[in-house]
Amino acid sequence: MAAQEDRLKDIIGHAKEYGFVFPSSEIYDGLSATYDYGQLGAELKNNIKTYWWKSMVQMHENIVGLDAAIFMHPDTWKASGHVDAFNDPLIDNKDSKKRYRADVLIEDHIEKIRQKINKDVAKGLKRFGDDFNEAEFRATNPNVLRRETEIKGIEDRMRDGLVNEDLAAIKQLIVDLEIACVVSGSKNWTDVKQFNLMFSTELGSVSGESAKIYLRPETAQGIFVNFLNVQKSGGMKIPFGIAQIGKAFRNEIVARQFIFRMREFEQMEMQFFVRPGEEMKWYEHWKAYRMNWHKALGFEDNAYRFHDHIKLAHYANAAADIEFDYPMGFKELEGIHSRTDFDLKQHETHSGKKLRYFDPEINESYIPYVVETSVGLDRMFLSVLTQALKTEKLADGSERVLMALPAALAPYKVAILPLTKKDGLPEVAREIMAELQLDFNCQYNEKDTIGKRYRKADAIGTPFCVTVDHQTLEDKTVTIRDRDTMQQDRVAITELFQIIDAKVNMRHLLKK
């Protein structure tokens, strides 16, 4: 646990030092669970958005984009179930006065048991080496089987308590598992209570119940209420999808762990409308597609896993998370949900407007079913930082801090570095930069030694450094340095575009 906390602190410290993420309103001592993206963070965030948008919209002729308003008619949230059912089960520790989500406390306890299983597997691998059969070990080892049975028992009890809204049973499970507060170390808990997560505000200058509206807690409803607008104006045929990137707001009482859980966050969602009865086929399709999208970034395969929901949301008949191994353990990165026809049917009922699709292939009118993919942009950002930030030992015994970002996502693609500030080198460097800026985000730096400038570029994830020296004036060649290999090659200025583009162009990610 201490190592995990240190890892998160390292990421937070690096993110602030180099301009990725700042505490919001810091000069006023900050605002809990809100953060600002700095100059490099904004670039990385935009690149992640571009990767998602291109892969979901540009690469699919049957998926189109939308940008819906944050404010929506309040009946929207009555119809969607958020007014009545958008709650978290919360529990307080009486000694520390800290508040927790009861289900997360239990899930963290389960994760500790899973870590024990992984340690047993690691011991087996160390003992038997190449002869180790992990699948057989997991299926036969008594310790593993006992712990798996323990996990299943806990999950069954939690599922029953959540589905039946038996909050007393959830508290009893926390008591029986002897879960302690991480701050006080005590097990002195209050009862579990439900808390609605929506922010409300007043529309217009007159306050009152009739003027009450909500900040949207999710972006999906803006897609559902525009289903017919998009379908008819775009001539869309089932199956088709509507994608959106936008801000959402949740009054999270338990908001912590850096940008993982915030009250203002950004979602990248796609709602895919399908013929009733075909939703599970598409559910499996999008599960596989979205997992491949994450793994295409080139990070470790074992950093991702699927986790089926213990309790399904009121709108779903199937749901799974793609979980990522954050510094605080495996947590949800993206959700894939089969939402049935719940949303469109609810909006049809509450609005009195028909939200149906006439399918010419079967000569039938119906309310489509929906398969949703929803990834938290801020969580995606944190997952990228988690995998990319590392400290490397070099051959000479020294170390370098490296942000090994996928080249297509890097804030700057190339750093232009004149060796000195005189002899015409800055002028030539500026000419090279002006040309490369037409295609790539570039950084110019003439401060410090060339070695220190290389280290700065490594720390912010810049894939290439181009050094302009006195030889450049003679033969129009430069030194180009690769961030990952640290290899330096002498190349003609005219070759720079091709070399850089071959590594940083997003087409290489999209082709995967």
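**Exercise 1. Is Arg146 buried, partly exposed or exposed, and what is its relative accessible area?**

The model is predicted: local features need pLDDT of at least 70, side-chain atom pairs count only at pLDDT 80 or more, and totals for chains, interfaces and linings use all residues. Residues are numbered from 1 along each chain as its sequence is written, and side-chain values use heavy atoms, without hydrogens and water.

Step 1. Buried means under 20% relative accessible area, exposed over 50%, and partly exposed in between (1.4 Å probe, protein chains only).

Step 2. Arg146 has a relative accessible area of 45% and is therefore partly exposed.

Step 3. Arg146 sits in helix H7 (residues 142-163). Helices (H or I, at least four residues) and strands (E, at least two) are DSSP runs, numbered from the N terminus.

**Exercise 2. Find the residues of the positive surface patch and the helix that gives the most to the patch.**

Step 1. Patch residues have over 30% relative accessible area and no salt bridge, and like charges are joined within 9 Å. Lys and Arg count as positive.

Step 2. The patch consists of Lys112, Lys116, Lys119, Lys123 and Arg146.

Step 3. Helix H5 (residues 102-128) contributes the most, four residues.

**Exercise 3. Search for disulfides and describe Cys442.**

Step 1. A disulfide is a pair of cysteine sulfur atoms within 2.5 Å. The search of the whole structure finds zero.

Step 2. For Cys442, the nearest cysteine sulfur belongs to Cys465 and is 11 Å away.

Step 3. Cys442 has 6% relative accessibility and so counts as buried. Cys181, at 3%, is buried.

**Exercise 4. Count the salt bridges and place three of them in the chain.**

Step 1. A salt bridge is a side-chain nitrogen of Lys or Arg within 4 Å of a carboxyl oxygen of Asp or Glu. The count comes to 39.

Step 2. Glu26 and Lys16 pair at 2.5 Å, N to O. Glu26 lies in the loop between strand E1 (21-23) and strand E2 (35-37), and Lys16 in helix H1 (residues 2-17), ten residues apart. Glu26 is partly exposed at 37%, and Lys16 is partly exposed at 37%.

Step 3. Asp359 and Arg275 have their closest N and O atoms 2.9 Å apart. Asp359 is in strand E14 (residues 357-359) and Arg275 in the loop between strand E10 (264-274) and helix H11 (279-295), 84 residues apart. Both are buried.

Step 4. Asp458 and Arg481 pair at 3.0 Å, with Asp458 in helix H15 (residues 450-460) and Arg481 in strand E22 (residues 477-482). Both are buried.

Conventions:
Patch = residues over 30% accessible without salt bridge, like charges linked within 9 Å, V, L, I, M, F, W, Y side chains within 5 Å. Areas by Shrake-Rupley, 256 points an atom, 1.4 Å probe, with all protein chains shown as cover. Charge placed at Lys NZ, Arg CZ, Asp CG, Glu CD.
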